[in-house]
Amino acid sequence: MSKKPLFTTKTLVGTGLGAALFIVLTMFVKVPSPIPNTTINITYGVEAFFGVVFGPIAGGLIGLIGHTISDSLMWGTPSWAWVAGSAVVGIVSGLCYYFMDIESGKFSVKDAVILCVLSVLGNAIAWLLVAPAGDMIQYAQPWDYVFAQGLMAFGSNAITTCVLSVLLCFAYSKTRVKKGSLDIE
Amino acid sequence: MEMTNTTINKRAVIEFNDFSFQYDSQKRPTLHDVNLTIYEGEKILIIGPSGSGKSTLGNCLNGLIPFAYPGKIGGSVKLYGHDLTSLNIFKCSQYVGTVLQDADSQFVGLSVGEDIAFELENDNVPLETMHHKVREVAGIVDMASFLQRSPFELSGGQKQRACLAGAMVADAPVLLFDEPLANLDPSTGKSAIELIDTIAKQRNKTVIIIEHRLEDVLHRHVDRILLINHGTILADMTPDELLCSDLLEQNGIREPLYVAAMRYADVDLSQTKHLSDDTHYDLNGQQHLVKSWYQANRSVVQPIEKEAVLTINDLCFSYDGIHPILDHVDLTIHQGEMMAIVGKNGAGKSTLSKCIVGFEKIDGGTIFYKDLCINDWTIKERANAIGYVLQNPNQMICKTMIYDEVALGLLSRGYDKDTIETKVYDTLKICGLYEYRNWPICALSYGQKKRVTIASILVLEPSVLILDEPTAGQDYRHYSEIMEFLTTLNDRGITIILITHDMHLMLEYTDRCVVITDGKIIADTAGSVVLSDPRLIEKAYLKRTSLYDLAQKCDINDPVAFIDTFIRHEHKESPL
Amino acid sequence: MKIKLFSYNQLDTLIHQLSGLTKLLCFLIMIFTVILTYDIRVLLFMLAFAIVCFRISKIPFDQVKLIFGYILVFLLFDFVLSFVFAPQYGVEVLGTRHEIFSFGGPFVLTWEELYYLSCKTMKYLCMFPVGFVFFFTTNPSEFASSLNHIGVSAKICTTVALTMRYFPDVSRDYTNISLAQQARGIDMSRKEKLGRRIKNVMALLAPLIFSTMDRVDAIANAMSLRGYGKTKKRTWYSFRALQRNDYLALAVCIVIFVISLSIRLFVTKSYFYNPFIGW
């Protein structure tokens, strides 16, 4: 593993702005899904992308802060179990930070595969385990019921996380400059 | 005027010795052979075109280089006798307080008070001392009654004042301003320069200003100007000396308009007195040269009647239903015009254009495109007739390749592949981007990116183009490039509406200027008339052009005609 | 455009006057009280208490009317779905069974199920006024300093403050970008095919995210230049020290918490209070 800094001032700012984006996307962007009357939540793709760029702590905090605030704005109070789920998605997909060097403009197909695997894993832990378990503890609900909700969230979130974060990473890596490459003619 | 040679006895606060710096991402050094000493209490202006290295030099003063931007350092920099590399960014900030260009990035607090206190918070200053200090500093910049306000409730000028207070609060002896005038309306920019001057004098600060808007900074005295280009210091002289030389023109810096006018009139600049002082300069008996040049070159343009392309009747708009942003606005825009909409921040300029392109739903009134009422048209339908270009090209660009970016609007309108290709190539040719068609956008300069965004709108063949601050933050060369490009589009018959704070732009490139204040149009006439009318200037937060004062000094009774003559002459002389 | 986070309104009520730290602590205590109980008596009391706080804080009901409507729809939905998924869950957790009506098959409505679902709905209902009161009466400035005072690291607190600071900026950028892309024909509605819709989402996200990333460096530099990160600790300009009323409010909340927990531990001796025993 590389010796990457864990939480610099830049990471902190990236996290703060990432969480702000999380809120904006959750509240304003409604993309209709193929299933009638449902919308795709594109937020997790962006969260995973920030995880790749800034690391697991940033990813986790973006989910934690972003989800807490957006829930509070929309519902008056956060649903804690799902907030924890959002944090987990960010932490797990943020592990990519240690395997990749996107800031230098590098993002390969192999990196994309790792990102997808970690995104699916993160979403699985979040929506099939953490969120339902949290809801079960908090409201003493039957496992089947909370698990069914989690399964639905897992299905759509895992797909959008993979597709969007990979697309964003490729696009972002193309905007980064490589060391010693700039010259004026 | 202070004597600059007395500074020799003063303490040197900043010393550069054979300094060079190369960013890790660059192939060659951005700065080289820099030798410079700045003394306590001096007021220094650093000018240079974009990419000259002036911002890099500024970053060497506050420690961002090498602590935030790593790279190779050659030679040495000393801050108060300490070698830069032996310090860290926090120690540097004890000597140099920085006010960055973008007030929105610098203003990190949720209220004015909190933001001013930011540095004290980081120093673990106890609450009571902190509140006391914040009140004191806020008083100096005249923001004491705004401490509770959030940044969204402040104008650009107030935000900058708060940032200045935040930079002063820790009592650093040197204040560094990185392009303080960008994004400010003319009158606010003028007050900012006055405030900086007052603070420097009252609190004995050493002040360093980085700017390319020379004329605006020279509104108050500066001791020395450093001209930077190609990574090194080309001139280190007093403003009067620099204005007399040819260095500014050679390096793509715009000289003050009154100095340019004197040059046209063959005034011997070395014979003038206090040339850099925009109110007290003295032509020293050469006034007649300006007057006779004016009389020789004077010509009057006849306005031509044109067809209306946009007619706005009784337009009303407000965000909250209580405070009108646009208050019964009537405006007719003619085919083939190039016009400017000016006014202070928040006057309603941008809102007006957003209402025209359908970004905002109007509360009342009608908008006609040619003779069609477009009130019910969607954003997409309006875009076929009226294009809108955002200020920041990075907010519009969404593809990685130029071709795809320009083709995007056509794709969504369902054109076939061949038509799209023809149209995109034609547009790229008009915009001078054809050779770059297969380039990635990230390899382009800011000005080229701006062209790409204009091309991506132009490809839909609108007959009206609205641009929000097209030249914001650009140096003279890029500014001229963008504006000349817009002029060629205008020559092709496209109506161009510019929303701008830049009085030079309005004066030089537009035939008509609409002034908006508090949601009402208070003037609709030529730019030269607007900038000669003290009542309008005050109401709309504009700034009188220095050509007006020159005309008065030279006893020219029609300053408006003098300004027009100057502008026409300059277009003829223009190197582009 | 003026967008204020949390629609925080500056009023001068008893609750507004409390320090942000007090409100944060009370908020957390209340939430834990509600989470840790399934006793209808405690929940009824909590709901009443929350509504009283809501009234004291003078939050205009108009401001929350819409959210409240959504919440009611959600709760109704949840009520029905829970029953469909596990109709006998109430019986299972309470250990008694009193039938009311059979819909056929396993769908037998029991008093226990009805009681269990009402308790759950009540738990949700308690959370909302508590949240409203906290978010509508706490000055966003004070929020970060309060978090720091309950032991959250200063860096995380600054992150939270930055999120609140830049949320309106990002949301304004979003509006601009989205409108400009709409003008170019970017459509995310059902009118477009799914593949194209995703491409269009990218056309919106790319400029929004990359222009946001552009600001990260600028803001981080501005903060470093003003000494951020010099030491691990920092003081907070907007922190308000606790007054007599703050201690009083905290005491009230702690007493409620302790009583509620004692009922569970010593009186009911279980998570669920079963009123049907002995029917």
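Student: Leaving aside its neighbours within four places in sequence, which residues is Leu536(B) in contact with?

Tutor: Before I answer, keep in mind that this is a predicted model. Leu536(B), which is found in helix 22 (residues 534-539) of chain B, is in contact with Ile522(B), Ala523(B) and Val530(B) once its neighbours within four places in sequence are set aside.

Student: Is Leu536(B) buried or exposed?

Tutor: Buried means under 20% relative accessible area, and Leu536(B) counts as buried because its relative accessibility is 3%. You can also ask how far this residue lies from another part of the chain: Glu305(B) is 231 residues apart from Leu536(B) along the chain, and their C-alpha atoms are separated by 26 Å.

Student: Why does Lys159(B) count as buried?

Tutor: The reasoning again rests on the cut-off of 20%: Lys159(B) has a relative accessibility of 12%, and therefore counts as buried. The residue is found in helix 7 (residues 156-168) of chain B, and, not counting residues up to four places away in sequence, Lys159(B) touches Ala103(B), Asp104(B), Phe107(B), Pro151(B) and Leu154(B).

Student: Where does Ser19(C) lie, and what is it in contact with?

Tutor: Ser19(C) lies in the loop between helix 1 (14-17) and helix 2 (20-35) of chain C, and it counts as buried because its relative accessibility is 1%. If we leave aside neighbours within four places in sequence, Ser19(C) is in contact with Glu142(C), Arg240(C), Ala241(C), Leu242(C) and Asp246(C).

Student: How many residues of helix 12 of chain B are buried?

Tutor: For a helix, we can count the buried residues and then look for what covers them. In helix 12 (residues 257-264) of chain B, 7 of the 8 residues are buried, so this helix is largely enclosed by the rest of the structure. The buried residues are Leu257(B), Tyr258(B), Val259(B), Ala260(B), Ala261(B), Met262(B) and Tyr264(B). Their cover includes helix 9 (214-217), helix 10 (239-244), helix 13 (287-297), helix 20 (503-509), helix 23 (546-553) and helix 24 (559-573) of chain B.

Student: How many residues of helix 14 of chain B are buried?

Tutor: Helix 14 (residues 349-357) of chain B is mostly covered, with 8 of its 9 residues buried. Among them are Lys349(B), Lys354(B), Leu352(B) and Ile356(B). This helix is followed by Gly358(B), whose phi is positive, near 90 degrees.

Student: Which residues that are not glycine have a positive phi?

Tutor: The general idea is that most residues other than glycine have a negative phi, and that most peptide bonds are trans. Here, His230(B) has a positive phi of about 50 degrees although it is not a glycine, and this residue lies in the loop between strand 9 (224-229) and strand 10 (232-237) of chain B. Glu469(B), also not a glycine, has a positive phi of about 40 degrees, and is found in the loop between strand 17 (464-468) and helix 19 (476-491) of chain B. His230(B) is exposed, with a relative accessible area of 63%, whereas Glu469(B) counts as buried at 11% relative accessibility. Just after helix 12 of chain B, Asp266(B) takes a positive phi of about 60 degrees.

Student: Which residues does a cis peptide bond join?

Tutor: A cis peptide bond joins Ile65(B) and Pro66(B), where omega is about 5 degrees, and Pro66(B) is found in helix 2 (residues 64-67) of chain B.

Student: How many residues does the contact take from chain B and from chain C?

Tutor: A contact between chains can be read by its residues and by its buried area. The contact takes 61 residues from chain B and 51 residues from chain C, and the area buried between these chains is about 5100 Å², of which carbon and sulfur atoms give 56%. Phe90(B), Phe152(B) and Gln395(B) supply 14% of the area that chain B buries against chain C, more than any other three residues.

Student: How many cavities of 30 Å³ or more does the structure hold, and what volume has the largest cavity?

Tutor: The structure holds 4 cavities of 30 Å³ or more, and the largest cavity has a volume of about 90 Å³. Its lining includes Phe118(B) and Glu121(B) along with Leu162(C) and Trp236(C), and the lining residues divide into 6 nonpolar, 2 polar and 3 charged. Helix 5 (112-122) of chain B and helix 8 (154-183) of chain C each supply at least two residues of this lining.

Methods: Residues are numbered from 1 along each chain as its sequence is written. Chains are lettered from A and ligands numbered from 1 in the order in which they are written. This is a predicted model: local features need pLDDT of at least 70, side-chain atom pairs count only at pLDDT 80 or more; totals for chains, interfaces and linings use all residues. Side-chain values use heavy atoms; hydrogens and water are left out. On a 1 Å grid over the protein atoms alone, a cavity is a set of points where a 1.4 Å probe fits but cannot get out, and a pocket is an open set with protein on both sides within 12 Å along at least five of seven lines; lining residues have an atom within 4 Å of a point. Grid points are joined across faces, edges and corners, and a volume is the space filled by probe spheres set on the points. Helices (H or I, at least four residues) and strands (E, at least two) are DSSP runs, numbered from the N terminus. Ala, Val, Leu, Ile, Met, Phe, Trp, Tyr, Cys and Pro count as nonpolar, Asp, Glu, Lys and Arg as charged, and the others, Gly among them, as polar. Buried means under 20% relative accessible area, exposed over 50%, partly exposed in between (1.4 Å probe, protein chains only). Contact means heavy atoms within 4.5 Å. Buried area is the accessible area (1.4 Å probe) that two parts lose on being put together, summed over both.
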